[in-house]
Amino acid sequence: MDWIITLALFCSVLKAAVGFNVDSGSWTTLSEGDESFGYQVVQRQSDVLVSAPLMQYEKNKTGRIYRCNRREKRCSPILALEQIVAVNMSLGLAMANDPSTQNTMVCGPTIPRDCTTITMSNGLCYEIDQYDTIGKSYPSETEECRTQADIAFLLDGSGSVSTEDFIRMKEFVKKLIETFLGRDTQFAITQFSSDPRIEYDFKTFNDSNWKPQIDKIRQLTGGTFTAKAIQNVVEDVFSPQKGSRPNVKRILIVITDGQSNDHEQLPAATQLADKKKIVRFVVGVGDASKTDEAKEELKTIASQPADKFVFEVGSFDALDKIQNNLQAKIFSIEGSQGTGQTLKQEMSQEGFRTAYVSGYIQMTMVGANQWRGGYKKYLLSNVLNNVTFEPSSIEPNSYLGYSMAVAKTNDGPLTILGAPRNEHKGVVMTAFKEQPKDEIRPVEQQTGEYFGAEVCAMDVDSDGVTDLILISSPMYKDVDREGRVYVCELSRLSVVCYFDNPSQITTLRGDVSVRGRFGSSLAVLPDINADTFNDLAVGAPLENDGQGSIYIFRGEGGRKINPTYSQRIAASAVQSGLKLFGISISQSSYDQSGDGLPDLAVGSKGKVILLRSRPVVTVTATVSFNPNLIPTQNPDCSKPLPSKATVCFTMNKLSHMNEARAQVNFTLTLDANRKIPNNRAEISKDVRHKSGSLNLILNKEKCDYVVFFIKPCPDDSFNPLNNELRFTFDGLVSGSNPRPSLSPKVQTTTLNSLGFKINCGADKVCEDNLKVDFNFTT
């Protein structure tokens, strides 16, 4: 099984602030020597669970779950889980965490079961508590090989069959039925001689008292009208009125000891059976296979090719010798159904994705019903209580359940399911109380874009109700990049993407990259930038020639997300040699580093990287002047007026931190609205810029001074000088604490006015006192 890029998702005012508050320096790296290590990662409050679903051990087991201690930087497999896991189940292909209990569900959806000519592929999920105690599995066990079928026996009760041989025939039927009990199989028995007689149809055959029923069958004696009997079984027994089911395989087993009296009608009877897709086995006993004519008749009765459906024995004593062979032949059409449809649950791969939902565990089954897909939901307190969602309207090979998210609404949980293979383009379907709601697809789709490969439900404002549904198309081809994520709104139980109004569509995209697979993983992050809104992480594991990147997008007011990323973290900036960085991102974020801030766990090929979020601060900048007003009564217009500006900065915290250090670099530009030489203030001849830097600590004001001169007797002494202050922020390491980052809400450019002093006399009241005198002369 190759690596599957299925992946699970994760602005400041000025461009200078982009590259925000996730520390790209690798804080901790976890690895275990297997390339699939990191395929899924779940943060818990005190440690990290990491899956390696392709790791092989003990010859026939695949998939390990590791508990990783971030302090010791060491991982160890959960051995108690390995003692009970099934064969080659790819354990850890899906994982989900319940934040309220700290329990984690780990799933392996590829448990093989050899059923003669088909290998079933089902799955199990195991629940692990925070102490690594293994709880229940869901389901409690995998399904046995199923033979969902309606099997009808047609027994020759003509006079040529002795009483002892008729009894042997019934014993043979009982042994054959016994092998199929418990496999969702129904039985009917008809006896024939001159006329057919239905002994038990599919409704009247008693599963709990069937042996005495068969023992009570009394031989008819008479002629051998096989064609009439076959026609009766086809038209009457295999009917809904007699309990025959649609969409299951239908099998007729004819046991006879001689040629029929109505062999001319056999072709017509078998054609009726073919039209109903009834598979026919025939057992010829004694004289039934002695002559060429008799053998041809058996071939006419049987399905084609006849050599696979005809059994010949010399006597009724020898029936037991063909039992195993006949049974194997019936098994060999495993999954074939009466309508010509094929697989139902045989290849379901239950547990391909999983989620906790209000007292239930929900597991997708992408392979159900010819890979149409769906999900199954188990009550956590009673594994036997389960319901399924298996929409028949979706096309085969759609892979519904390839991705899954559960949205919280005021009406209850709404399930979001991705089916990226639907019509080779993809579709997303929603379900409420196991009933289909919406089908979502862009108006203009690309073949192979894998729309719905990842879905994510995002509560932007933490009010307990989902605001946005994110849907990825990681293989969408733009001119210069690959992959996109659609941002859709959730209105009650409806997902609104505005696909019918292109101007309103919101998409997230990564940087220019020939191959990026942007959107391969999505994860909602807690509020890491201290603006009260949750954020989003998006993985692009194929960027930079397969090294990978993750992107951070900020949640905003109005239940929205900023479509411009606030930070891109490339694998090369984290650690050299990383591959597929961003293949997975933990859906839960906790403080692993002990600094009071949430950390990110990001999976890559063979490694998991723990990244710290940086504390967020604000910086208040002030500029004061001395004198605070420029005098206008200057007796000497040949001398400039000396002045001084005091530039001060104060750093305060927005997120949790005990200490922080930073450097600000500033530039003060005097009379910034005017161009030289029309400026009215300068530091020296034709110089009006002054730069400096200050080191800041929390809650303490730091200042610097700028000496400058006001040009004497300026021509404009009415409009104030607008002095521009610009600064940049550089967080510094403080002990073991990460560098702080500046809140994007901080204005890093301000205009600070310095006005002119106006002399209004002794009363200090300035009032207009204008007079206009004029006269006319001619």
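**Group meeting: a walk through a predicted four-domain chain**

Let me start with R517, which is found in the loop between β28 and β29; strands here are DSSP runs of E with at least two residues, helices are runs of H or I with at least four, and both are numbered from the N terminus. Before I go on, please keep in mind that this is a predicted model, where local features need pLDDT of at least 70, side-chain atom pairs count only at pLDDT 80 or more, and totals for chains, interfaces and linings use all residues. Residues are numbered from 1 along each chain as its sequence is written, and side-chain values use heavy atoms, with hydrogens and water left out.

Back to our loop. R517 has a positive phi of about 55° although it is not a glycine. Is R517 buried or exposed? R517 is buried, with 15% relative accessible area; buried means under 20%, exposed over 50%, and partly exposed in between, using a 1.4 Å probe and protein chains only.

G516 sits in that loop too, between β28 (506–508) and β29 (521–525). At 1% relative accessibility, G516 also counts as buried. And which residues does G516 touch? Leaving aside residues up to four places away in sequence, they are E482, A540, P541, L542 and E543, where contact means heavy atoms within 4.5 Å. With A540, the C-alpha atoms are 5.3 Å apart in space, while 24 residues separate the two in sequence.

Now let's look at the UniProt record. An unreviewed entry there annotates "repeat: FG-GAP" over residues 437–497, 504–562 and 567–628; the positions follow the numbering used here, feature names are shortened, and annotations may be inferred rather than shown by experiment. Over 437–497 the chain is 0% helix and 51% strand, with end C-alpha atoms 15 Å apart. Over 504–562 it is 7% helix and 41% strand, and the ends are 14 Å apart.

Stepping back to the whole chain, the domain assignment gives domain 1 (30–143 + 345–390), domain 2 (149–334), domain 3 (417–613) and domain 4 (616–754). Those bounds come from an automatic or database assignment. The centres of domain 1 and domain 4, taken over C-alpha atoms, are 59 Å apart.

What about the cores? The largest nonpolar core has 55 residues, and F153, L252, I253, I255 and V283 have the most contacts inside it. Such a core is a set of buried Ala, Val, Leu, Ile, Met, Phe, Trp, Tyr and Cys residues joined through side-chain atoms within 4.5 Å. Helix α2 (residues 163–180) gives the most to this core, with seven residues. A second, separate core of 32 residues includes V623, M651, A660 and V664.

Here is a helix pair. The axes of α5 (residues 266–275) and α6 (residues 292–301) come within 9 Å and cross at roughly 25°. That makes α5 roughly parallel to α6. L266, P267 and T270 of α5 meet E297, T300 and I301 of α6.

Finally, some backbone details. Most residues other than glycine have a negative phi, and most peptide bonds are trans. K59, in the loop between β3 (48–57) and β4 (61–69), has a positive phi near 70°. At 88% relative accessibility, K59 counts as exposed. The peptide bond from Y138 to P139 is cis, with omega near -5°, and P139 is in the loop between β9 (134–138) and β10 (149–156). Another cis bond joins Q304 and P305, with omega about 0°; P305 lies in the loop between α6 and β15 (310–313).

Definitions and conventions:
Axes fitted to C-alpha atoms, helices over the stretch in contact; angles between N-to-C directions. Parallel < 35°, antiparallel > 145°, perpendicular 65-115°, else oblique.
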